[in-house]
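Here is a walk through one protein chain, written for someone who would rather look at residues than read theory. Keep the model open while you read.

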Amino acid sequence: MIYYKIEEKEKGFRFYEPERNPDYNRKTEAVFAQCNGFLGIRASFETKQLDESRGTFIGGLYHKAGVHEVTELVNCPDVTEFRIRINGENLRLDSCCLTDYDRSLYTRYGELESRIGCEMKAAGSVTLTSRRFASVDNRRLFCHQLSVSCEKGGILELSTGINGQITNSGVSHFDYMEARVFEKKRMFLECGCDDGQILSVMTVCSTGESRETAAFHLERRGICQDFKKELRPGEVWTICKYTLFYVENGEEAAGKTAGQTVTEMTDVLEEAEEAGWGGLNRRHREAFDRFWDMAAIEITGASKEERAAVEFAEYHLAGMVPWDGCSCSAAAKGLTGEGYKGHVFWDTEIFIMPFFIYMFPETARNLLLYRYHGLAGARKKAEEYGYSGAMYPWEAASSGEEETPLYAAIDIHTGKAAKVWSGIKEHHVTADIIHGLISYYQATGDREFMERYGCRMILETAVFWHSRAVWNEEKGRLEIRDVIGPDEYTEHVDNNAYTNYMAYENVKAAGDVLASWKHPLADSYREEGWSERFDHFLRCLYLPEPNDEKIIPQDDTFLSKKKLPDIEKYRNADVRQLILKDYSRSQVVDMQVLKQADVVMLLELLPGRFDAETVKKNVEFYEALNTHDSSLSLCAHAEAEAVIGEMDMAMKFFRQAMEIDLCEGYKDSAEGIHAASLGGILNCILRGFAGMKTDGGTYRFTPHLPDHWQSMRFSFMDHGKKKTAVVSGSPFEERTAREGMEITCTKII
């Protein structure tokens with residue numbers, strides 16, 4: 001059930017908290033975060049709370065704090081806190097008596113709004129109202145407005161600034177900090193990492209009043225501006241705070257003259273002050289409207305909750321990707337929290353990227369370029385494991401090297417930290433990246449990208465798969481042994497169907513490249529005999545086929561394992577991975593139980609590979625064994641059920657998927673939203689319900705709409721041309737997108 005209340009506005013939706021509940025502080029910080037692709041700021045309260053996790057994250061700002069630490073997305077200095085004191089009494093929401101409470105996220109524009117009323121002994125009734133947004137017009141700019149009113153009036157003391165004491169769960173990443181005040185108005189904090197990265201934060205506060213003497217004070221790793229104001233009874237006093245974040249590496253900083261960064265930031269903030277809150281907000285909304293002109297998905301007949309959940313997903317997807325460059329990618333928690341250390345997984349190419357391929361292909365290109373620049377790290381990992389070519393890391397950050405921690409959760413039987421095998425054995429990520437690359441090329445025809453980057457990625461990863469396969473002399477075939485597929489409850493298996501088929505598609509693409517690409521690199525591969533080696537791989541690689549019951553074996557031993565005695569206990573549990581409280585991982589590995597979609601994911605990514613009956617039987621068979629303990633599973637099964645026309649099941653999973661970040665579980669999403677699940681919701685809508693697909697030619701639609709949906713309307717990019725699809729009714733004939741035309745799918749009577 002969705003925890004947050006929903007209000008439909010003239011444009012978009014407003015999600016708001018039903019009540020003040022401190023248990024939900026951390027969850028709501030992530031769910032209501034302000035993100036614009038460069039900057040993500042968690043929705044912490046203006047006044048400090050007992051239970052909070054303040055977070056400011058900048059895409060691509062990773063650092064490793066020590067040899068025994070893991071590279072992680074840096075939690076940067078906080079600029080959202082205001083210390084408030086009225087008539088000598090500190091305002092603390094944890095201890096005061098609340099009389100009014102309304103806090104919401106307007107997802108259309110990513111704006112956090114709040115109105116909090118409370119009773120104070122020394123001041124009577126006090127009201128705080130605030131608004132904030134991470135600008136989409138200038139993605140380095142964060143805007144925050146706070147208003148204070150007091151029934152009795154009195155002396156207001158307020159302090160705010162830049163707090164550099166923020167850490168990643170106790171670990172500080174900045175080697176030094178230097179605070180300054182410029183022209184008695186702009187606060188500045190320079191934060192340096194030991195690898196040469198420099199974060200510069202500059203903020204200016206504006207009250208709209210005539211110039212008065214400014215008061216500032218330094219704190220350890222921080223700087224604050226102090227205000228003192230006599231409030232008349234009922235008077236509303238407003239402060240606007242504008243903050244800029246700049247990141248430079250050592251080389252970039254060395255290329256600038258002394259003070260150049262400060263000058264650039266000063267110029268921007270002076271213009272921001274001149275534009276004022278209204279002007280900056282107007283620009284931000286106009287920029288966001290341009291996003292929605294392309295991204296809006298209109299669903300007639302869908303419930304308010306369903307339409308709001310779609311907008312929520314699109315807002316957060318827009319806030320997690322690099323719009324202006326390729327130095328970073330989409331992290332598993334976006335820019336909303338420290339979960340998974342801010343690392344990049346297969347989630348990006350399989351769950352998140354499809355939306356951008358369809359609607360913002362230039363951003364999908366940025367995500368792929370990030371992987372291209374990670375080739376050196378992929379080559380290094382392959383060499384370390386004794387393979388050739390390029391083997392992409394399971395978890396990536398900035399270097400392209402493997403970043404997966406070696407140990408994580410406690411084994412319930414041994415009491416020791418359990419080894420994380422995914423970074424060592426979950427190799428399908430390499431083929432997943434190439435699948436995303438091929439999908440991008442099919443949708444865009446971007447030959448320039450393929451010539452400069454894509455073909456090399458395909459060839460080097462195919463060489464890895466060639467070295468990864470081993471020859472089974474007895475069976476006369478190539479096999480891929482000792483891997484982990486998408487289902488992470490099944491470790492150290494041979495011939496995982498998903499991995500083998502995806503590896504096959506990777507190598508097949510390499511064969512196609514060598515058959516047609518006229519380039520010196522391709523010539524060298526052909527001269528070295530790779531055309532023949534790839535052909536041998538394709539002829540000899542074992543691809544698990546459906547058995548007599550039309551079930552595709554997930555791996556060599558899965559179908560022979562015993563079933564979990566009481567799987568419904570774990571499928572219906574309120575907490576995820578309850579099974580690991582009752583069984584060790586080694587026990588779970590020996591059971592027919594899944595954490596998430598595995599074979600079902602394969603069927604989605606290769607829709608033409610198997611006949612309809614086989615697809616249907618496998619979706620039903622594996623769903624019954626799935627605990628859906630991964631947030632990636634429900635959206636995948638929603639799409640799969642829609643494709644086979646099982647609409648009741650599709651809607652069941654779709655509704656569960658759309659509630660993953662919005663549900664009543666206060667611990668869910670506390671460390672950040674579930675980026676892949678949000679992408680999967682949109683994949684279900686576009687590929688499942690609308691039946692959208694392409695093989696590099698034209699887009700085709702074979703939709704299955706839920707019974708209560710009358711129609712869908714959305715835009716997409718097809719080889720550089722914007723098109724619009726209008727889908728209505730069910731069942732459907734397949735319709736083909738024509739150039740420059742609106743595609744209308746009509747019901748067959």
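What follows covers the two domains and where they touch, then two sheets, then the salt bridges.

**Two domains and their interface**

Keep in mind that this is a predicted model. The chain splits into domain 1 (5–278 + 285–297) and domain 2 (341–631). If you take the C-alpha centres of the two domains, they sit 40 Å apart.

How many residues of each domain are in contact with the other? On the domain 1 side there are nine, and they meet eleven residues of domain 2. Together the two domains bury about 910 Å² between them, and carbon and sulfur atoms give 69% of that area. Three residues stand out on the domain 1 side: Tyr62, Val70 and Met294 supply 50% of the area that domain 1 buries against domain 2, more than any other three residues.

There is some polar chemistry here too. Four residue pairs are in polar contact across the interface of domain 1 and domain 2. As for where the domain 1 residues come from, strand E7 (72–73) and helix H3 (260–295) are the elements that give two or more residues to the side touching domain 2. H3 gives the most, with three residues. Sorted by class, that side of domain 1 has seven nonpolar residues, one polar and one charged.

The count of salt bridges between domain 1 and domain 2 is one. If you want to look at a salt bridge up close, try lysine 341 and glutamate 72, whose closest N and O atoms are 3.9 Å apart.

**A three-stranded sheet**

Now over to a small piece of sheet. Three strands line up as E3-E4-E5 in an open, antiparallel sheet. The edges are strand E3 (34–35) and strand E5 (56–58), each pairing on one side only. Strand E4 (residues 39–41) is held to E5 by three bridges, and isoleucine 41 has threonine 56 in E5 as its bridge partner.

**A five-stranded sheet**

Another open sheet has five strands in the order E9-E8-E14-E19-E18, again with antiparallel pairing. Strand E9 (89–90) and E18 are at its edges with a single partner strand each, so one side of each has no neighbour in the sheet.

Here are some of the antiparallel strand pairs from the two sheets.

| Strand pair | Bridges |
|---|---|
| E4 (residues 39–41) and E5 | three bridges |
| E8 (residues 82–86) and E14 (residues 154–163) | five bridges |
| E18 (residues 215–219) and E19 (residues 222–231) | five bridges |

To find your way between E8 and E14, look for isoleucine 84, which stands opposite leucine 158 in E14. For E18 and E19, go to histidine 217, whose bridge partner in E19 is cysteine 224. What lies between E18 and E19? The two strands form a hairpin with two residues between them, and arginine 221 in the turn has a positive phi of about 60 degrees.

**Salt bridges**

By the rule used here, the count comes to 56 salt bridges. One salt bridge worth a look joins the side chains of glutamate 270 and arginine 186, at 3.9 Å from N to O. Glutamate 270 belongs to helix H3 and arginine 186 to strand E16 (residues 186–192), so this pair ties together parts that are 84 residues apart in sequence. Helix H3 has come up before: it also gives three residues to the side of domain 1 that touches domain 2.

Definitions and conventions:
Residues numbered from 1 in each chain as written. Predicted model: local features only at pLDDT ≥ 70, side-chain atom pairs only at ≥ 80, totals over all residues. Heavy atoms only, no water. Domains from an automatic or database assignment. Contact = heavy atoms within 4.5 Å. Buried area = accessible area lost by both parts, 1.4 Å probe. Salt bridge = Lys/Arg side-chain N within 4 Å of Asp/Glu carboxyl O. Polar contact = N/O pair within 3.5 Å; in protein donor to acceptor, adjacent residues only side chain to side chain. Helix = DSSP H or I, 4+ residues; strand = E, 2+ residues; numbered from the N terminus. Nonpolar A, V, L, I, M, F, W, Y, C, P; charged D, E, K, R; others polar. Pairing = 2+ DSSP bridges.
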